[in-house]
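Me: I am new to this structure and would like to get to know it step by step. Could you walk me through it with a few questions and answers?

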Amino acid sequence: MKEFHRLSARQQHMLRFMTAFVRENGYPPSIREIGDECLIGSTSVVNYNLNKLVEAGYIQRSDRVSRGLRIVGDIPGMQAETKPPLQVALVGRIAAGEPISLPDDIAHHIDEDDYINVPPALLGKYDASEVFALAVRGDSMIDAMIQNGDIVILRRQNTAENGDMVAAWLKEDSETTLKRFYRRGDMIELQPANPAYQPLQVVPENCEIKGKVLSVMRAYA
């Protein structure tokens with residue numbers, strides 16, 4: 001990784017802004033929000049500098065998804081998160097690939113040992129009682145920067161808007177899956193973020209939304 005002082009002043013500003021934005025909101029800023037903060041009117045200039053930060057090893061990005069940025073390097077001058085971690089229920093696994101079985105009532109099968117520590121920033125504006133966590137198995141969401149073994153933090157809700165990443169319960173199959181939600185006429189499409197997988201087409205009666213993804217935690221070996 002290059003040393004931080006070798007980045008341009010603009011790139012340092014951009015990186016500090018993204019770090020602060022993620023801590024406050026629980027998700028990364030958009031290209032337009034980065035440009036507004038750094039007084040850059042051209043999205044191509046923002047992208048150029050973001051690519052330089054990728055080369056320097058400070059961020060990862062995916063052009064396939066909105067807000068597809070992840071900060072992976074330590075940023076000098078940024079204070080560590082001072083708020084204590086929150087206890088969030090880890091209620092099971094979810095498939096980012098083919099659907100897998102999961103108890104229908106995923107919100108009420110939780111033991112004392114099934115809680116994990118989560119930085120408050122990853123919950124955004126929500127309380128720990130409003131969210132739950134699932135361990136990811138599979139790679140169908142890899143272009144959304146979600147890998148096998150990651151933990152997704154979800155808000156408990158049973159509705160979704162087009163483009164939301166959700167935990168969807170397929171009632172007839174007693175299986176659940178992690179996909180992006182879209183309404184296609186009288187059908188629901190559950191779309192992966194990996195070209196190796198095909199979207200799932202289901203009738204609304206067979207699809208129950210369990211939660212919307214807020215953020216992702218990664219366990220590094």
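Reply: Happy to; what follows is a set of questions and answers on this predicted model.

Me: Let's begin with the strands. How many bridges join strand β6 to strand β7, and how do the two run?

Reply: Strand β6 covers residues 131-137 and strand β7 covers residues 151-156. The two run antiparallel. As an example of the pairing, A133 has I153 in β7 as its bridge partner. The number of bridges that join β6 to β7 is 5.

Me: Which residue in β12 stands opposite V152?
Reply: Strand β7 is also joined to strand β12, residues 207-217, by 6 bridges. These two strands run antiparallel. Within β12, the residue opposite V152 is V216.

Me: Now to the inside. Which element gives the largest share of the largest nonpolar core?
Reply: This core has 17 residues, and those that touch the most other members are M14, L15, M18, I34, L50, L53 and I59. The elements that give two or more residues to this core are α1 (9-25) and α3 (43-55). The largest share is 5 residues, and the element that gives it is α1.

Me: How many residues are in the other core that lies apart from it?
Reply: Among the members of this other core are I94, F132, L154 and V213. It lies apart from the largest nonpolar core, and its number of residues is 16.

Me: Which residues does I34 touch, not counting residues up to four places away in sequence?
Reply: I34 is one of the residues that touch the most other members of the largest nonpolar core. Leaving out residues up to four places away in sequence, I34 touches M14, F17, M18, P29, V46, L50 and L69.

Me: Is Q12 buried or exposed?
Reply: Q12 lies in helix α1. Leaving aside neighbours within four places in sequence, Q12 is in contact with F4, H5 and L7. Its relative accessible area is 18%, and a residue under 20% counts as buried. So Q12 is buried.

Me: How many disulfides does a search of the whole structure find?
Reply: Two of the cysteines are worth a look here. C38 counts as buried at 9% relative accessibility, and C207 counts as buried at 10%. For disulfides, the search of the whole structure gives 0.

Me: What about charged pairs: how far apart are N and O in the salt bridge of K52 and E55?
Reply: A search of the whole structure finds 4 salt bridges, and the side chains of K52 and E55 meet in a salt bridge. Both residues lie in helix α3, 3 residues apart, about one turn of the helix. K52 counts as partly exposed at 28% relative accessibility, whereas E55 counts as exposed at 54%. The distance from N to O is 3.8 Å.

Me: How many residues apart in sequence are the parts that D164 and K212 tie together?
Reply: D164 forms a salt bridge with K212, with the closest N and O atoms 3.7 Å apart. D164 lies in the loop between β7 and β8 (165-170) and K212 lies in strand β12, so the pair ties together parts whose separation in sequence is 48 residues.

Me: Is D164 buried or exposed?
Reply: Its salt-bridge partner K212 counts as partly exposed at 29% relative accessibility. For D164 the value is 12%, and the cut-off for a buried residue is under 20%. D164 therefore counts as buried.

Me: With which residue does K210 form a salt bridge?
Reply: K210 counts as buried at 15% relative accessibility. Its partner is partly exposed, with a relative accessible area of 27%. The closest N and O atoms of the pair are 3.0 Å apart, and the partner is E208.

Me: Where does N194 lie, and which residues is it in contact with?

Reply: N194 lies in the loop between β10 (187-191) and β11 (200-202). N194 is buried, with a relative accessible area of 13%. Leaving aside neighbours within four places in sequence, its contacts are D139, S140, I142 and D143.

Me: One last question: how many Å apart in space are R137 and G149, C-alpha to C-alpha?
Reply: R137 has its place in strand β6 and counts as partly exposed at 45% relative accessibility. R137 and G149 are 12 residues apart in sequence. In space, C-alpha to C-alpha, their separation is 6.0 Å.

Technical notes. Residues are numbered from 1 along each chain as its sequence is written. This is a predicted model: local features need pLDDT of at least 70, side-chain atom pairs count only at pLDDT 80 or more; totals for chains, interfaces and linings use all residues. Side-chain values use heavy atoms; hydrogens and water are left out. Two strands pair if DSSP finds at least two bridges between them. Helices (H or I, at least four residues) and strands (E, at least two) are DSSP runs, numbered from the N terminus. A nonpolar core is a set of buried Ala, Val, Leu, Ile, Met, Phe, Trp, Tyr and Cys residues joined through side-chain atoms within 4.5 Å. Buried means under 20% relative accessible area, exposed over 50%, partly exposed in between (1.4 Å probe, protein chains only). Contact means heavy atoms within 4.5 Å. A disulfide is a pair of cysteine sulfur atoms within 2.5 Å.
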